[in-house]
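The report below takes up chain A, its contact with a neighbouring chain, and one sheet elsewhere in the model. Please read it alongside the sequence and the coordinates.

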Amino acid sequence: MELLVKSLPLLAHGAATTLYLSAAAIVFATALGLVLALLQLFGGLILRALVEVYLYVVRGVPLLVLLFAMYYALPYADIQIEPVTGGIVVIGLYFGAFMTEVFRAAVLSVPKGQWEAARTLGLTTPRILLDVVFVQAMRVAGPPYINTCIMVVKGTSLVSIIGLADVTFIGKQIVERTLAPFEIFGAVAFVYFVICFALSRLGRHLEWRLNYVP
Amino acid sequence: MSIDLSFLTRVAPTLAEGLSTTILLAVPAILLSATWGIVVVMGLLSRFRLVADIARSYVEVVRNTPVLVQMFFIFFGSGFAGYPLSGFTAGLLALVLQNGAYMAEIYRGGIRGVSHRLAEAGLALGLTPRRSFGLIVLPIAIRNVIPPLSNQGVLIIKDTSLVATISVAELTFQARLLADRTAAVFEIFFTLALFYLVLTAIFSGCMRLLERRLRLA
Amino acid sequence: MSPDVSVGSAVSAEIEIRGLSKWFGDHKVLKGVSTDVKRGEALVVIGPSGSGKTTLLRCINLLEDFQEGEIRIGGEAIGYTVDPNGKRMRRGEAEIARLRAKLGMVFQSFNLFPHMSVLRNVAFGPVRALGMPRKEAEERAAALLARVGLADKVDAMPSRLSGGQQQRVAIARALAMQPKAMLFDEVTSALDPELVAEVLDVMRQLMQEGMTMVIVTHEMAFAQAFAHRALFMAEGEIVEQGEPARLFRDPQSTRLQAFLKRFKQGYQL
């Protein structure tokens, strides 16, 4: 037990890294998902095909493989990127694909009648998206979006395998030194649990706020 | 940058040594998760408050923690406790525990998703609640859950890559082995990605066949 | 602009439909339909399901595409123009949007924007499509809502209103654009019977005020009493047309006779 207390500062440091990685990857994945979803919905044939290919590849290949690929390829790359940034980009690219599907399904779930009514008033697609469709799509997208964010948080644990000092990596290091797997990995799991649980709470609150009709 | 294609034919065999392990891990993981998920969902839907609470807590803990951490917990924990499990077994256990919970949620959603009006129609015809469930709700729910189950199966196949970190010689482990020795990293990981794409494509294809069979039935 | 539009006749027909045809593969939904809707005319379109009456209506404001024919709103062709070589060209999205704004449409399922109050729903078109300042648009909206009898529901959300009330809001929303003509797509079919009258009252009021209207409906009594002209459609064609009272009293074609017979029979045992 005192081991746990002694390890707290180290674990806290790791937790901060995990939080940072998660937040950055979520932002990147969300932005990417929005762009790709719009392309998939409104883009021309070639753009749509490209997005489809990208989604198919990302969904069929493990995140770990992508991280390894980045890690091993980094020394050969022309551009100098820090592994942390590389990790965020890869995780963002990976989950961006999932976000795309979430946003696309949400927009498609808005009844056609809404589009028709807005067109009848003489509006064009961009205006309709912003004023009519977006709010209604957000209501649908909320829960699966939060779920995907939780997946991102859990996905950041894989950076421990390529040597980035997130909370999983720190935990593994401590365990290898002290051989106290239950307490330490329990603590690591607890960190993730708190972050993910907080996210799902936030999600439920947002859902309530968006759906509340005065 | 030009890719030396001939190297691919030299990379693939080494990777393929890990292929059997990947499949040997993925198939039981999928089947056992699906089965364990049934047990869990029965717990979730149980009339007994205690059982339902235990099931709910289990699902929440497992869904909010990374499967990698669970693997480490089981692998290192088992060794420490005196009953060391192999990386393969620990990995399998972690995969089943994690995905069983997700499968349970999928089952729950599938049952919920069948309109209760259909169950009512069964009751109106004179069926007991149990028969109405078994003859009407369940078949429809089974059809409904095939797509999300198929998704989950793909995730399981991909998650088998994680056991490479606990020294199980599957596909990704083999790739890393090669990558540590040679410089042709693009070729190695490109081939590795291809392997997974083919695996997931075959699996998805089989699930779609199953879907079509069930629709027509 | 097509050269055969003479200045003298430009005033009379608000909507001109010429040789309108639409098909899906082998299935022809509209077969060369032609008619004019004069300014201030209330035209009712009736017919069995699958007759193409709804498709015809939705072609007028190009919610549905058509392969052949021409539709003019106030003299301007909507959707497609024919260039000097006879080639058909689709007009730009902005052009189509502009012409759509001249027509108001009311839908069977109301299609009110659920995340906006009733007032904002009605003001939305003028603000976003006409660039009107919000305050002015909301004043216009409030006046229109009073006209349809919903002055007290101005700040309510659509989900709180009955079907009849929602439909009246939908009518007000269309009127806010000050359209040249209004299109009604079976606007009472989804309403409980006791709520139908309040919507028909508003429509009758509009007719009396001289609005040009094209109404697809099953409300025969209403059509007979108030519409100026009726079109009976079947299988994509206009089978018979004329003054509603005469049409219902004295149907000439066998198809119209059969259609009306089914209506009159109702639930006779």
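Read along the sequence, chain A of this predicted model follows the pattern α-α-α-α-α-α-α-α, and the count of its elements is accordingly given as 8 helices and 0 strands. The C-alpha trace of chain A spans about 70 × 50 × 25 Å along its principal axes. Of the 214 residues in chain A, 45% are buried. Among the contacts in chain A between residues at least 6 apart in sequence, 80% join residues that are at least 24 apart.

Confidence in chain A averages a pLDDT of 91, with 99% of the residues scoring at least 70. Within the chain, the mean is lowest, at 91, in helix H8 of chain A, which covers residues 181-211, and highest, at 95, in helix H4 of chain A, which covers residues 83-108. As a general caution, where pLDDT is low, the predicted coordinates should not be read in detail.

The two helices at the ends of this confidence range are set out here.

| Helix | Residues | Mean pLDDT |
|---|---|---|
| H8 of chain A (lowest) | 181-211 | 91 |
| H4 of chain A (highest) | 83-108 | 95 |

Where chain A meets chain C, the contact takes 17 residues from chain A and 22 residues from chain C. On the side of chain A that touches chain C, helix H5 (112-120) and helix H6 (125-155) of chain A each supply at least two residues, and H5(A) gives the most, with 6 residues. Sorted by class, that side of chain A has 7 nonpolar, 6 polar and 4 charged residues.

Chain C, for its part, holds an open sheet of 6 strands with mixed pairing, in the order S8-S9-S10-S3-S11-S12. The edges of this sheet are formed by strand S8 (103-106) and strand S12 (237-242) of chain C, each of which pairs on one side only, and the twist from one strand to the next averages 20 degrees.

At one of these edges, which strand of chain C pairs with S8(C), and in which sense? The partner is strand S9 (residues 181-185) of chain C, and the two pair in the parallel sense over 4 bridges. At the level of single residues, Gly104(C) has Met182(C), in S9(C), as its bridge partner.

Technical notes
Residues numbered from 1 in each chain as written. Chains lettered and ligands numbered in written order. Predicted model: local features only at pLDDT ≥ 70, side-chain atom pairs only at ≥ 80, totals over all residues. pLDDT = per-residue confidence, 0-100. Contact = placed C-beta atoms within 7 Å. Nonpolar A, V, L, I, M, F, W, Y, C, P; charged D, E, K, R; others polar. Buried ≥ 20, exposed ≤ 12 C-beta atoms within 10 Å, placed from the backbone. Pairing = 2+ DSSP bridges. Axes fitted to C-alpha atoms, helices over the stretch in contact; angles between N-to-C directions.
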